[in-house]
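User: I'd like a close look at one part of this model, namely its charged contacts and whatever surrounds them. Could you take me through it?
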Amino acid sequence: MRIEGENGAPVSPGSSAASNSSADEMIENENQSLRDRVADLEKKVHEQTDEIMCLRSTLADVLRRISTIEGARALANNHAGGRATPTKDTVRLRHNNSDSARDVSKRASSYLPGRSPSSTQIRAKEAQYNGEEGIVKMYLRGRPINLYVPTPMRETYVPNGPSSSPPAKLKLEWVYGYRGRDCRNNVYQLPTGEIVYFVAAVVVLYNVEDQMQRHYLGHTDDIKCLAVHPNKLLIATGQTAGHDRRDARSWRLNPPSDPLSPEAEEWPHIRVWDSVSLNTLHVIGISDIERSVACLAFSKADGGSLLVAVDEAPDHNMSVWDWSRGERGYKLLETKCSADQVLAVDFSPVDRSTIITCGKNHISFWNYESGMLAKRMGVFENRERPKYVTSISFTDTGNVISGDSNGNLLIWQRGGNTVYKMVRGAHDGPVFSILVQKDGGIITGGKDGRIVEWDRDLERTGNVIEIPEQYGSPRVVTSGRGSQLVVGTTRNCVLGGTFTFPLRPVMQGHTEELWALAPHPGHHQFLTAGYDRTCYLWDTMAHTIVWSKDIGEHAQSAAFSNNGEIVIIGTTSGRWFVMDSETREMYSQHQDGNEPIQVLKFSPNGQYLAVGSRDNNIYIYQVSEDCRKYTRVGRCQGHSSFVTHLDWSADSQFLQTNSGDYELLFWNAGLCRQIAQTSQMRDVEWATQSCTLTFATLGIWPEGTDGTDINTCAKANQMDLLATGDDFGKIKLFASPACQQRARCLEYGGHSSHVTAVGFLQDDSRMISTGGRDTAVMQWVVSSNSSSSHR
């Protein structure tokens, strides 16, 4: 071979080799210098990132403290001279209400305070007043209901006259509960030290160390998924269709003219928001998502510029968004993902264009390029094909780790769609969660209740955590501070701990439909019970569970004795239990029919207990021996449908009761006899106001209402304030009595299911609400309403 130089003269091979060697050495030196400079730059970037995280944490802490001080001052002003004990107020950050602000979260939401109902509601028949007889006739579903106006008001009463504004307002202080029973990948630790997760329509940011919560309230219905941006600052959450938009297929063809209108927010959509300020930045997917958002993920290799979402529609459509382009984001593409259920989606941390999805009968490898998505199905070859691929994660090299319903772990090499390595029997049953740590170590959680640690080669390290059965199985395992783990479980618990120190509950909640609520008559405590057969006594100041009790039956109702020493639990089988409220000792049990015990209430003098049943009857018991002995006096018969609510008169002589057939009946409690001349009851003073169909509650019924829409109401103990809970997840506050039709109110959201109960603490400092299927318990601070708007 002939080798020539620049001038055409022959060059010896040795000389050429020396020249090439010298050039290679220069290139290598230059490359090394370049690598050193890049390493220096990466180091500086990491240092600046750490500084930014520190600044964010400091800013969040300052904002929390400011909010706490303001809340404590408001609470102190409201209860000056009262019996309320000062405590930490809610840590939810206040939104800037500037009209010039473009933030979506400042737009009216059907679940935010002060929101008026839709103007498109059908107007109900107006109430009619007969002044001569002092009777106002209201209509529910076309059925007339006669209500007697109290004597002092007969001369001046006008059904449609002006109503007073509620004398107080609410602020969400604490949320008890977590949604782990059917959601995945929804617990994360933020750099601010807060754990972020969701329950009902609320995203909770919980600082466990400081025992403080903040709440993002932008959603209008069930939140189903959550993703944290690589910068750890921004969060995306996806919700299902609102209560008025369940039949998604029919209304998807007619999207709202204004995608940011209150009506549009009832559609399933994604919200991207700032975790420090709690401001909504973008609302994505309105009219694009058909049913609800099943799973979400931000891209990682490009710094989080893309967002992928999977819809729970029959085709499980997957869409990729340039989420930051405009208020609504920009949809880059949409494709059918799978005919079967999709459980998880994620971007590769090293390949910007790679997306992985998994679920029933599949794991799919997607490549996004030039506006198109190419799909390759995972090939299991001769290995057992699982019914579900239940979880996925990525190693730092870009390999995919999947867990399946057979309890196996599989590694899929970067860029491929075939199995590279398999670990059989990693768990006894489905693998719910895979966490790849910064050092390459791997932690898995399974339905068998075990959390297992592995090295980067998927060899067991010997570290295992067995989660107590009462907390459920680990649905998601994520990294906390230092070596801490944060675990969300299938029984709606959030746990924290390490392989060395046992996991302890950070948050616990009910797991099935929740109906029973009883505020304690003497302490800042309340009791809840539900269809999960569990009763909890909660402390509103410490935000903790005082005790729990498995009663072995579905609980429907509850009541404290007047001295607070005894609690009565009513069940769906017609049985009710008498229990010591401190020791949880069961004193006795009683049976009244075979239908659910809908309501329980002691008389003001403590001598009687009224038991309202779904069998249409109210059973009256005489109480003796410090509320430990109960002797049936008789049965009140006369309702044509199941009993829903009841109240005792202040003198403990009479009862007023409602039924499922929109009846308002009155009873002589001692004789168990119905009072036919209801006009005689117009001036009776009632000890409580839990009946929803009375003259004092005429104004709580909105236009076009169904008589079953409002599930619960309660009057404050010392204030002229009435609270209601309805089928649409809303809590409303009225001035009491709310006797003018369509009375003014304040409206609050957070629940995503029917609100089953509301109740005030004994000093009215707080109000508690319970959601039915959302299983959430919410604690609200009650403060004076000097500046709040009303409708």
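What do the side chains of R325 and D322 meet in, and how many Å is it from N to O?

Analyst: A quick caveat: this is a predicted model, so local features need a pLDDT of at least 70 and side-chain atom pairs count only at pLDDT 80 or more, while totals for chains, interfaces and linings use all residues. Numbering starts from 1 along each chain as its sequence is written, and side-chain values use heavy atoms, with hydrogens and water left out.

On to your pair. R325 and D322 meet through their side chains in a salt bridge, at 3.4 Å from N to O. The term covers a side-chain nitrogen of Lys or Arg within 4 Å of a carboxyl oxygen of Asp or Glu. R325 has 44% relative accessibility, so it counts as partly exposed, whereas D322 is buried at 18%. The cut-offs here are under 20% relative accessible area for buried, over 50% for exposed and partly exposed in between, with a 1.4 Å probe and protein chains only. Elsewhere, R179, D182 and D222 are joined into one network by salt bridges that share partners.

The structure holds 22 salt bridges. One of them brings together the side chains of R766 and E173, 2.7 Å apart from N to O. This contact ties distant parts of the chain: R766 belongs to strand β54 (residues 766–771) and E173 to strand β4 (residues 168–176), with the two positions 593 residues apart in sequence. Strands here are DSSP runs of E, at least two residues, numbered from the N terminus. R766 is buried with a relative accessible area of 0%, and E173 is buried as well, at 2%.

D288 and K331 make another salt bridge, their closest N and O atoms being 2.8 Å apart. Again distant parts of the chain are linked: D288 sits in the loop between β12 and β13 (293–298), K331 is in strand β16 (residues 330–336), and they are 43 residues apart. K331 is partly exposed, with 26% relative accessible area.

That loop leads us back to β12 itself. Strand β12 (residues 280–284) has 4 of its 5 residues buried, so the rest of the structure largely encloses it. Strand β11 (residues 270–274) runs antiparallel to β12, with 4 bridges joining them; two strands pair if DSSP finds at least two bridges between them. One such bridge matches R271 with V283 in β12. The β11–β12 hairpin has 5 residues between the strands, and L278 takes a positive phi near 65° there.

Zooming out, an open sheet of 4 strands has the order β9-β10-β11-β12, paired antiparallel. β9 (223–228) and β12 are its edges, each with a single partner strand, so one side of each has no neighbour in the sheet. On average, neighbouring strands of this sheet are turned by 20° against each other, direction ignored.

Conventions:
Axes fitted to C-alpha atoms, helices over the stretch in contact; angles between N-to-C directions.
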